[in-house]
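Q: Please take a close look at one part of this structure, beginning with a single residue and its contacts. Then set that part beside the rest of the chain in a connected account.

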Amino acid sequence: MTLYLYFGRKFLFRFLAVFGGFFALSALTDATAIYGSYDDADLQFVDTLRLALLKAPSGVVQLLSIIVVLSALTMFLGLSRRSELVATRAAGQSAMKMLAAPVAVALALGVFAVTIFNPLAATALKQFETETGRYQTGTVSTFSLGRKGLWLRQGNAKGQTVIYADRANFDATILSGVTFFEFSTSGILTRRIEAANASLSSGQWNVSRGKLWDLSKGVVPDKHAKIFDNLTITSNLTSDQILDSFGDPTTISFWDMQDFIKRLEQSGFSANRHRVYFQIELATPILLCAMVLLGSSLAMRHARSGRAGLMVLYTVLLGLAVYIIQDFAEILGSNGAVSAAAAAWVPPISALMLALGLVLHLEDG
């Protein structure tokens, strides 16, 4: 048991060191990209650093598999150089027994990443996008899905407009059962517009067959409402903005994903990307276990056996190959070419089988 705890603790500390390095690098890269991007906002150094720290977790969480591979690789290379692996084998411990503790730690880290770190990273990224959106346009455009429809908000120098719709088409350019609530800059409701349909074109909503209440005059009864066939409302929204907001699953907490998928489909949008992302999150612990085995399989030979540099290169290339294959499978699943379960689970399970085969082939365990 003492030996297992030793290997598990070594791997955990090595993982934290590599994770910290990647996090610092990601934050520095984001800060460099943010600095000077919002000249009108006059961001201070502290504001830039805070925005970078909000974005960094979502970037690092996508590189967990690479971090785990490098952690296992550096750990076992260190053990090999200090002849600890030789001593462990001399004590009668096989390669599989030596790997048991690091694999268990990787499994626990995967569960922690999915259930705790993922929701925190999603919340931080959503806050980052909200703040940077304000810096870019001076106003905040928000998008959310309710249980019975979707809500949009757009703004300009004249005020804010809140939009509710029962449904939308696949690219969010046509809304059905739509209601517009127009507010002045002081937050006072000035107009309410209900219509059967509204289509989004360049810089405007084209509203058809509806009713308009002019509330700026203090008149509310229906007898003062105006019936219209066509109406134009200025808009700074685009189809890409709406789809990007609804389509980025990294801004949705793992615990809210299933409910969000249901609401997304009820509103008329495709949920393929979110289904694949949710399945990939579920498969993360298996993927991290596979990466531990990959990272250790070629690094467990004695350092004096030669070709250590070549083994390190092979291990890094294998880890990158798994990462790229998983990314490609996610694209296929998002486009509907393969099922969400196949896109999410086939790469980590295949990587696990490959890693186990390498360990059993190269070691005497």
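A: Ile-233 is buried in this predicted model, because its relative accessible area is 4%, well inside the limit of under 20% that defines the class. The residue belongs to strand E7, which covers residues 226-234. Although Ile-233 and Trp-205 are 28 residues apart along the chain, their C-alpha atoms are separated by 5.0 Å. Trp-205 is also one of the residues that Ile-233 touches when those up to four places away in sequence are left aside. The other partners on that list are Gln-154, Phe-180, Glu-182, Ile-193, Gly-203, Gln-204 and Val-207.

Several of these partners lead directly to three paired strands. Phe-180 and Glu-182 fall within the residue range of E4, 174-183, and Ile-193 falls within that of E5, 189-201. Gln-204, Trp-205 and Val-207 fall within the range of E6, 204-214. The contacts of Ile-233 therefore include residues from E4, E5 and E6.

E4 and E5 run antiparallel and are joined by nine bridges. Within this pair, Leu-175 has Ala-198 of E5 opposite it. The two strands form a hairpin with five residues between them, and Gly-187, in the turn, adopts a positive phi of about 85°. E5 is in turn joined to E6 by 10 bridges, again in an antiparallel arrangement. Here Glu-194 faces Lys-211 of E6. The hairpin of E5 and E6 has two residues between the strands, and Gly-203 has a positive phi near 75°. Gly-203 is also among the contacts of Ile-233, which ties the residue in E7 to this second hairpin.

A second residue of this region, Thr-179, lies in strand E4. Thr-179 counts as buried because its relative accessible area is 11%, again under the 20% limit. Its contacts, with residues up to four places away in sequence excluded, are Val-162, Ile-163, Tyr-164, Arg-192, Ile-193 and Glu-194. Ile-193 thus appears in the contact lists of both Thr-179 and Ile-233. Glu-194, touched by Thr-179, is the residue that stands opposite Lys-211. Ile-163, another contact of Thr-179, belongs to a nonpolar core of 32 residues that also includes Phe-228, Phe-260 and Tyr-277. Phe-228 lies within the residue range of E7.

That core lies apart from the largest nonpolar core, which has 37 residues. Phe-11, Phe-15, Phe-19, Leu-64, Val-68, Met-291 and Leu-294 have the most contacts inside the largest core. The elements that give it two or more residues are helices H1, H2, H3, H5, H8 and H10. As a general tendency, nonpolar side chains in soluble globular proteins are buried together.

Phe-11, placed in helix H1, is buried because its relative accessible area is 0%. Its C-alpha atom is separated by 5.8 Å from that of Pro-102, 91 residues away along the chain. Beyond four places in sequence, the contacts of Phe-11 include Pro-102, Val-68, Met-75, Leu-109 and Val-292. Leu-64, under the same exclusion, touches Phe-15, Phe-19, Ala-113 and Leu-288.

Leu-64 lies in the range of helix H3, 64-81. In H3, 15 of the 18 residues are buried, so this helix is largely enclosed by the rest of the structure. H3 reaches 26 Å from its first C-alpha to its last, close to the 26 Å expected. Just after H3, Ser-83 has a positive phi of about 60°.

Helix H10 bends by about 30° at Val-346, with Pro-347 following within four residues. For its 23 residues, a rise of 1.5 Å a residue gives an expected span of 33 Å, and because the end C-alpha atoms are 34 Å apart, the two values agree. Buried residues of H10 include Ala-343, Pro-347, Leu-352 and Val-359. Leu-360, also in H10, is instead exposed, with a relative accessible area of 56%.

For the chain as a whole, the secondary structure comes to 10 helices and seven strands, and 44% of the 365 residues count as buried. Of the contacts with a separation of 6 or more, 64% are between residues 24 or more positions apart. The mean pLDDT is 84, and 85% of the residues score at least 70. Among the elements, H8 has the highest mean pLDDT, 92, and strand E1 the lowest, 67.

Notes: Residues are numbered from 1 along each chain as its sequence is written. This is a predicted model: local features need pLDDT of at least 70, side-chain atom pairs count only at pLDDT 80 or more; totals for chains, interfaces and linings use all residues. Side-chain values use heavy atoms; hydrogens and water are left out. A nonpolar core is a set of buried Ala, Val, Leu, Ile, Met, Phe, Trp, Tyr and Cys residues joined through side-chain atoms within 4.5 Å. Buried means under 20% relative accessible area, exposed over 50%, partly exposed in between (1.4 Å probe, protein chains only). Contact means heavy atoms within 4.5 Å. Two strands pair if DSSP finds at least two bridges between them. The expected span of a helix is 1.5 Å times one less than its number of residues. The bend at a residue is the angle between axes fitted to the seven residues ending there and the seven starting there. pLDDT is the predictor's confidence in each residue, from 0 to 100.
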